[in-house]
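Have the sequence and the model open side by side before reading on. The text below is meant to be followed with both in view.

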Amino acid sequence: MTTWVPRSCTLPTTEQPLRVAEFDALFAERLAGSSLPDRLRLELVLTGGEGVEERVRDLVARESGCCSFFTFTVTPGPEQIRLHVEVDGAHETVLDALHERAATAARRDVP
């Protein structure tokens with residue numbers, strides 16, 4: 001499996017496993033679906049609930065701070081939160097690895 005934490009990440013190495021664990025927990029608890037509509041865009045559907053939108057926004061804001069190649073868009077809905085993740089062509093494999101990691105954490109097959 002390719003890692004989705006690339007060398008260009010500026011998060012201190014000792015903190016990287018903690019951030020990965022935060023994403024893993026979010027995916028395990030909330031991932032309802034995922035798709036790659038094109039090679040540079042990942043769409044994640046998360047189940048909503050008390051504080052979930054704030055949790056997602058906080059996590060992706062912190063991730064954007066160390067991995068500026070990610071563009072995250074959070075779209076809240078009444079029962080679901082859509083998280084769109086985009087990268088540039090140089091980080092396509094990172095996006096693929098994030099998609100695989102999300103599916104694994106949620107115990108789903110990657111289409």
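The paragraphs below go from the overall layout to the sheet, then to the helices and to some individual side chains.

This is a predicted model. The protein is built from three helices and four strands. Along the sequence these elements come in the pattern α-β-β-α-β-β-α. Of its 111 residues, 40% count as buried. Among contacts with a separation of 6 or more, 57% are between residues 24 or more positions apart.

The sheet is the place to begin. Strands of a sheet pair through backbone hydrogen bonds, and the pairing can be parallel or antiparallel. Here the four strands make an open sheet in the order β1-β2-β4-β3, with antiparallel pairing. The edges are taken by β1 (31-38) and β3 (71-76); each has a single partner strand, so one side of each has no neighbour in the sheet. On average, neighbouring strands are turned by 15° against each other, direction ignored.

Two of the pairings can be followed bridge by bridge. β2 and β4 are antiparallel and share seven bridges. One point to locate in this pairing is L46, whose bridge partner in β4 is I81. On the other side, β3 is joined to β4 (residues 80-86) by six bridges, again antiparallel. Here V74 has L83 of β4 as its bridge partner. The connection between β3 and β4 is a hairpin of three residues.

Which residues does H84 touch, leaving aside those up to four places away in sequence? H84 is part of strand β4, and its contacts of this kind are L42, E43, T71, F72, T73 and T75. The cut-off for a buried residue is under 20% relative accessible area. H84 has 18% relative accessibility and therefore counts as buried.

Next come the helices that lie across the sheet. Helix α2 (residues 52-66) lies across β2 (41-47), β3 and β4, and runs at about 170° to β3. Helix α3 (residues 92-105) lies across β1, β2 and β4, and runs at about 155° to β1. Both β2 and β4 thus appear in the list for α2 and in the list for α3.

The length of α3 can be checked against its residue count. At 1.5 Å a residue, its 14 residues should span 20 Å, and the end C-alpha atoms are 20 Å apart, which agrees. Several side chains of α3 are worth finding in the model: V94, L95, A97, L98, H99, A102, A103 and A105 are buried. After α3 comes R107, which has a positive phi, near 60°.

The aromatic side chains come next. A pair of aromatic rings is described by the distance of the centres and the angle of the planes. There are three aromatic pairs in this model. One of them is formed by F23 and F27; this pair is tilted, with 5.8 Å from centre to centre and 40° between the planes. How far apart are F23 and F27 in helix α1? They are four residues apart in α1 (residues 16-30), so about one helical turn separates them. F23 counts as buried because its relative accessibility is 2%. F27 is also buried, with a relative accessible area of 1%.

F69 and F70 form another tilted pair, 4.6 Å from centre to centre and with 40° between the planes. Both F69 and F70 are buried. Together with F72, they make up one aromatic cluster. F72 has already come up above, as one of the residues that H84 touches.

The cysteines complete the tour. The structure holds zero disulfides. Are C66 and C67 buried or exposed? C66 has 7% relative accessibility and therefore counts as buried. C67, at 1% relative accessibility, counts as buried as well.

Terms used: Residues are numbered from 1 along each chain as its sequence is written. This is a predicted model: local features need pLDDT of at least 70, side-chain atom pairs count only at pLDDT 80 or more; totals for chains, interfaces and linings use all residues. Side-chain values use heavy atoms; hydrogens and water are left out. Two strands pair if DSSP finds at least two bridges between them. Helices (H or I, at least four residues) and strands (E, at least two) are DSSP runs, numbered from the N terminus. Axes are lines fitted to C-alpha atoms, for helices over the stretch in contact, and angles run from 0 to 180 degrees between N-to-C directions. Contact means heavy atoms within 4.5 Å. Rings of Phe, Tyr and Trp (its six-membered ring) pair if their centres lie within 6.5 Å; planes under 30 degrees apart count as stacked, over 60 as edge-to-face and the rest as tilted. Buried means under 20% relative accessible area, exposed over 50%, partly exposed in between (1.4 Å probe, protein chains only). A disulfide is a pair of cysteine sulfur atoms within 2.5 Å. The expected span of a helix is 1.5 Å times one less than its number of residues.
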